[in-house]
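Open the model in your viewer and keep the selection tool at hand. The tour goes from stop to stop.

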Amino acid sequence: MTVPVLVAVVVALLAAAIGAVAGAAVARRRRDEPVRQRARGVRGPTVAELLARLVRRSQSGIAVVNRFGDVVLANERAESLGAVVDARPDPRIAAAVERVVAGGEPAEVDLSPATYPPGSTPQTIVAQVRPLGDGFVVVDATDTSAAVRLEAVRRDFVANVGHELKTPVGALAVLAEAVLDADDPDEVAHFATRILNESHRLGALVTELIALSRLQGADRLPELVRVDVDEVLTEALKRVRVPAEAASAAGTEEAPDPRERFLLDAPSGLEVAGDRTLLVTALSNLLENAVAYSPEGASVSVRRRRQGDRIEISVTDRGIGIAPEHQQRVFERFFRVDPARSRATGGTGLGLAIVKHVAANHGGEVRLWSQPGVGSTFTLRVPAAPVDDADDGDADLEADLALTTAGSGPDPAPSATGGSP
């Protein structure tokens, strides 16, 4: 064996010996650590203590009841949900405990309050009662109010969608039969026009349902770009549709262009942080809604301005107005203040719901001011685009000039919280 090889073997043996000694020292230290902690009076929690902490901090109401109906263990959540009242199980829980102890089968108990304070949201509380053995039973109470409300909304939405789709589909069938039975070319043309209108209404309904479902399933927009408010308004005005029934009601082949009814303030030069397509959709819905619920020839005012870090676009009509009891519901899907007028104008009942979700997805909101017989103002408020430090002074000056010009425009819209259109 050569000298280098011998040196390498010796070094390897020394390294192995040092590693074994170090490993044994570490293992002995770990083994002796609990002994030293006990000697110093320091100890970790026991399993029983950890379980007690788990019960206390649980979001569910947990209680342990014995065969005599005594509460052995309970957390605060069990008391707040009504499973335990004054250190005694709720009578409904007590009855279930007797059944579970006798039969050994789990039971479910409805602990929902029978009455609710005025203005409060109804609660749905469900408790699962399960045997633990040796005459003990565990009660697990959960507040399922959110899930129940979500399911109710889903059922209501499905029912509304079915009804709204059934109406134009049924109309198409009736009108098609009328066309088949008609001999007069004028009648055929009339019914064909009605079929076209109903098909447009059905297409608009499906399109808005898809848009609404996408908005409701989305979080706040991940990437916001600078969007020019004046360009959004220009594009929205181009999208304003003439109500389908307006032309036939007026007895003319073409209805007047509704864009001629808008009174606009001066271009603002304002920019928002958002999605251009969604903002155009929301604003066009507000404009169409204003035209649909205004008397023939009545003007609609549009105002743009900056309020703090928000950009406001207000649309004011001189229409029928909205009663106070309906103002909280106008943003619900398929809710209509005047169903007959909505059908006549081809409305789907989804426009304002889309506006609400577009605003929410931009981190903004939509406000409403309305007075029956006077009119309504809908104000879309979204965050302003950030301003570069170098341009702060010019941007503030331009905003002030825009507000001054807007204030001197024809018949400006009021604020969303008060005033008169």
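Start with the largest nonpolar core of this predicted model. Select Phe 262, Leu 283, Leu 286, Leu 287 and Val 315: of its 38 residues, these touch the most other members. Now colour the elements that each supply at least two residues: α7 (229-239), α9 (276-292), β11 (300-307), β12 (310-317), α11 (351-361), β13 (365-371) and β14 (375-383). Helix α9 gives the largest share, eight residues.

Zoom in on Leu 283. Beyond residues up to four places away in sequence, Leu 283 touches Val 232, Leu 233, Ala 236, Ile 313 and Val 315.

Apart from this core lies another, of 19 residues. Pick out Leu 81, Leu 111, Ala 127 and Ala 141, which are among them.

Next, select Asp 90, in the loop between β4 (88-89) and α4 (91-103). Is Asp 90 buried or exposed? Its relative accessible area is 10%, under the 20% cut-off, so Asp 90 counts as buried. Leaving aside neighbours within four places in sequence, Asp 90 is in contact with Gly 82, Ala 83 and Leu 111.

Now the charged pairs. The structure holds 11 salt bridges. Show Asp 230 and Arg 304, whose side chains meet at 2.8 Å, N to O. This bridge joins helix α7 to strand β11, across 74 residues. Both partners are buried.

Finish at Glu 365. Its bridge to Arg 367 has the closest N and O atoms 3.1 Å apart; for Arg 381 the figure is 2.8 Å. The latter pair links strands β13 and β14. Glu 365 is partly exposed at 31%, whereas Arg 381 is buried at 12%. Add Arg 305 and Glu 312 to see the network of salt bridges that links them with Glu 365, Arg 367 and Arg 381.

Definitions and conventions. Residues numbered from 1 in each chain as written. Predicted model: local features only at pLDDT ≥ 70, side-chain atom pairs only at ≥ 80, totals over all residues. Heavy atoms only, no water. Core = buried A, V, L, I, M, F, W, Y, C linked by side-chain atoms within 4.5 Å. Buried < 20%, exposed > 50% of the residue type's maximum accessible area, 1.4 Å probe, protein only. Helix = DSSP H or I, 4+ residues; strand = E, 2+ residues; numbered from the N terminus. Contact = heavy atoms within 4.5 Å. Salt bridge = Lys/Arg side-chain N within 4 Å of Asp/Glu carboxyl O.
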